[in-house]
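Me: I am new to this structure and would like a close look at a single part of it. Please start with one residue and its surroundings, then work outwards to other places in the chain.

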Amino acid sequence: MTAPLDEDPDDLADLYDNAPCGYLSTHLDGTIAKINATLLGWLGRDRADVVGHRRFSDLLTVGGRMYHETHFAPLLRMQGEVRGVALDLRTATGARLPVLITSAVKHDADGHPALIRTTVFDARDRRDYERELLRARQAADRDRERLRLLVAGLQRSLLPAALPAPTGMRTAAHYHMASPDEVGGDFYDLFHLPDGRWAFFLGDVCGKGIQAAAVTARARYTLRAAAAFDPSPAAVLANLNTVLCQDADTGTGDYCTVVFGVLTPTATGYRADLAGGGHPPALLLGAAGTAEFQPTTGGTLIGLLPQVPIATRAVELRAGDTLLLYTDGVTEARTPTGRFGAPALRSFAADHAAAGAAGVIDALTGLLGDLGDGIDDDTALLALQVHP
């Protein structure tokens, strides 16, 4: 037979005094009228030192007292109850005790406010948990910032540090990163050839991340090296195709779209001989506000097959004309009415054709900013203008 308990488990006085949370009642002026042993133990104080001699706000830290007077107490008067407010109590030794406070106004039989009853929960474990979460968040933010700087540095290394300008030309370029956490696969360049002509290219590697960056680096340096050996645009792209196909059996998908061109001075400006491998067509912008696509129809993705057709085209650039190359990040951008699309790009570029290379690139940069989250792919832009 079970022995009787020394204490009555239903003793409400004991339940109040030794509850797992703190209880206290105060008069309307804040003077403490009643407090349980649990809260006194947390504070390290005697009941005689507290009841009738201290107000609830006297138990708070300086910051907690200010918050109580300016926010907590006014809300309690207006609403009659305030729940789950985080405050810090000050123990008898001066230590901080983080707590969660819930207070409610008790009314007398006539409906007048009589007392304020407050429940106090020990929030030390919760505060420690929140601090640990904050430290983890700060560490994650630092790691992300390091990653962002690494990605940005790697991305810059895959693009020309400065864009030169052939004699009698103005040039401009822009690179829009869709994500600060991933290296993109778009690339461009403009460089001088040994015979006095100029070569340029703009392309888009399949995928993102380190693998795309590796393919971008290979493509960029291969194009430069091939142009020094034989600058014929079709030959340069054929050379790049051979290099990218060398690792085709690895299944990494090392292929890209690209436009490669050579600028040759003419009596009226420049001739651009283009070769395209599956890339969106360049736009020829006239100073009078015209915009015409210059397709290299029939060109196939570079690096996809050992032998690919490479389409070529010659474009005459006269005074004031601008040749605009771009990747599909802009044409495939999402808008409220659907994809931005090539026709919209042509119309937009025509509206800014008279602004020249820098003006067109600035306008497109603003457009990319306006599209915001609608841009989910990196975008490279390159504009070459014959001086008016």
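Reply: A104 sits in strand β4, which covers residues 96–107. The model is a predicted one. A104 has a relative accessibility of 25%. Because that value falls between the limits of 20% for buried and 50% for exposed, A104 counts as partly exposed. Beyond its neighbours within four places in sequence, A104 is in contact with L76, G80, E81, L115, I116 and R117. A separate value relates A104 to S25: the two are 79 residues apart in sequence, and their C-alpha atoms are 9.7 Å apart in space.

L76, one of the contacts of A104, has a number that falls within helix α4, residues 62–79. H68 also lies in α4. With 12% relative accessibility, H68 counts as buried. Residues up to four places away in sequence aside, H68 touches F56, S57, L60, A73 and P74. From H68 to V85 the C-alpha distance is 9.8 Å, with their positions 17 residues apart in sequence.

Next comes helix α5, residues 124–157, where D125 is found. D125 has 66% relative accessibility and therefore counts as exposed. The C-alpha atoms of D125 and V99 are separated by 10.0 Å, and the two residues are 26 apart along the chain.

Further along the chain is helix α6, which contains T216. The relative accessibility of T216 is 0%, so this residue counts as buried. Its contacts, leaving aside neighbours within four places in sequence, are L158, G184, G185, D186, F187 and V205.

Helix α6 spans residues 209–229 and packs against helix α7, residues 233–245. The angle is about 140°, and the axes are 9 Å apart. That angle makes α6 oblique to α7, because roughly antiparallel would require an angle over 145 degrees. The crossing of the two helices is right-handed. On the α6 side the contact involves V215, R218, A219, T222, L223, A226 and A227. On the α7 side, V236, L237, N239, L240, V243 and L244 take part. Sorted by class, the residues in this contact are ten nonpolar, two polar and one charged.

T296 is placed in a loop, the one between β12 (291–294) and β13 (311–318). At 11% relative accessibility, T296 counts as buried. Setting aside neighbours within four places in sequence, T296 is in contact with L274, A275, G276, A311 and R313.

The last part is the largest nonpolar core, which has 25 residues. Those with the most contacts inside this core are L283, L285, L324 and L364. At least two core residues come from each of β11 (282–285), β14 (322–326), α9 (341–351), α10 (356–371) and β17 (379–386). Helix α10 supplies the largest share, eight residues. In soluble globular proteins, nonpolar side chains tend to be buried together.

L285 can be followed in more detail. Not counting residues up to four places away in sequence, L285 touches T290, A291, G320, D321, T322, L324, A349, A353 and V360. L324, among those contacts, is also named with L285 as one of the residues with the most contacts inside the core.

Notes:
Residues numbered from 1 in each chain as written. Predicted model: local features only at pLDDT ≥ 70, side-chain atom pairs only at ≥ 80, totals over all residues. Heavy atoms only, no water. Core = buried A, V, L, I, M, F, W, Y, C linked by side-chain atoms within 4.5 Å. Buried < 20%, exposed > 50% of the residue type's maximum accessible area, 1.4 Å probe, protein only. Helix = DSSP H or I, 4+ residues; strand = E, 2+ residues; numbered from the N terminus. Contact = heavy atoms within 4.5 Å. Axes fitted to C-alpha atoms, helices over the stretch in contact; angles between N-to-C directions. Parallel < 35°, antiparallel > 145°, perpendicular 65-115°, else oblique. Left-handed = near helix turned anticlockwise from the far one by under 90°. Nonpolar A, V, L, I, M, F, W, Y, C, P; charged D, E, K, R; others polar.
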